[in-house]
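Grab a pencil and try these short exercises. Each one comes with a solution you can follow step by step.

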Amino acid sequence: MLHPDDGSTPQVLANIRHTYVSPPGEGFLPKDTARHHRAWVVKLVKKALKEARLSADDVDCICYTKGPGMGAPLQSVAVAARMLSLLWGKELIGVNHCVGHIEMGRLITGATNPVVLYVSGGNTQVIAYSSQRYRIFGETLDMAVGNCLDRFARTLHISNDPAPGYNIEQLAKKGKQLVDLPYTVKGMDCSMSGILAAIDALAVTHGLDGAEKEAEEGDATADTPMSDGVDNVKPTRADLCFSLQETVFSMLVEITERAMAHVGSKEVLIVGGVGCNERLQEMMGIMARDRGGSVHATDERFCIDNGIMIAQAGLLAYKTGFRTPLKDLRVRNDFERTMCL
């Protein structure tokens, strides 16, 4: 990331990543993810410098994710960042992961003062900037929307490559039958666990869970509706994915609209890995247009976790004089209800 001194728009010089992909039916364990990070961090740093055509002398500071997130991967990154800071003699900047998503989204889309819907595997929050702080106006009461989608992908034994949520989205595009699922919105907050339990039960009841994973690989009957012998048509795997998306996204649209009314904003910025879901963007766009507003979103280059968003937020903090002591290797697994940049 290059921030010109003349105040012009920052330039992205390199934005590379290597994603850990777990086997179908399995999640991302902290120890395995940390092992992946340790194996790839040096290679990615070298590749990024080469792609940006820079040397260590051109670098102003080392920015890294301090939290929130899984402890083991965060610790691996903190150690690598400290090593580079000592090796190159550069200042160290610990970045709040959530702020990184927001600041990158604002930079890319040009959104000025939006209500932010932050949706990822570990977070589901409606955030707005107030009194020089990012403040959470609504959130999930249990699990994140990305985790809900990922865990249902495990139930169906859908591939995790390139991402389980992406593969759920593609399968949902083939769905036609809307299955009734719990809809849980409580004020500004929402709940996902009951929806996941209900749709998991439906998948098992109709034999669409992991036992039928081979069908996904090419069996045409996988998405062919079948009668249950009475008058109803059994849902397909695509129908379940479609129904899950429609339900949870409708809940997100509702709490986001409520936050917009509360703070008087007409802009919505969607960030986080789930933010690149085209159906979520479409549904949010319909709501925003009805309110005379607009939706800002980015593609997978900047929605899914990436290093450039940490660089952007870190450089903004660096310019204010913020520094992280080299001895400070603590990581934050909790998410403060107010986040300072």
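The exercises below look at an annotated site and at confidence in this predicted model.

**Exercise 1.** Find the residues that UniProt lists under "binding site" and work out why they gather at one spot.

*Solution.* Start with the record: the unreviewed UniProt entry puts this feature at His97, His101, Tyr118 and Asp305. Next, look at the spacing: they span 209 residues in sequence, but no two of their C-alpha atoms are more than 12.1 Å apart, so they gather at one spot.

**Exercise 2.** Decide for His101 and for Asp305: buried, partly exposed or exposed?

*Solution.* First, locate them. His101 sits in helix α3, which covers residues 97-109. Asp305 is in the loop between α10 (300-303) and α11 (307-319). Now recall the cut-offs: buried means under 20% relative accessible area, exposed means over 50%, and partly exposed is in between. His101 has 1%, so His101 is buried. Asp305 has 42%, so Asp305 is partly exposed.

**Exercise 3.** Trace the contacts of these two residues beyond four places in sequence.

*Solution.* Take His101: its partners include Tyr118, Phe302 and Asp305. Then take Asp305, which touches Arg17, His97 and His101. Finally, check side chains: those of His101 and His97 make a polar contact at 3.2 Å.

**Exercise 4.** Spot where you should be careful with the model.

*Solution.* Begin with the whole protein: mean pLDDT is 89, and 89% of residues reach 70 or more. Then pick out the weak stretches: pLDDT stays under 50 over residues 211-222 and also over residues 333-341. Where pLDDT is low, don't read the predicted coordinates in detail.

Note on methods:
Residues numbered from 1 in each chain as written. Predicted model: local features only at pLDDT ≥ 70, side-chain atom pairs only at ≥ 80, totals over all residues. Heavy atoms only, no water. UniProt positions renumbered as here; feature names shortened; annotations may be inferred. Helix = DSSP H or I, 4+ residues; strand = E, 2+ residues; numbered from the N terminus. Buried < 20%, exposed > 50% of the residue type's maximum accessible area, 1.4 Å probe, protein only. Contact = heavy atoms within 4.5 Å. Polar contact = N/O pair within 3.5 Å; in protein donor to acceptor, adjacent residues only side chain to side chain. pLDDT = per-residue confidence, 0-100.
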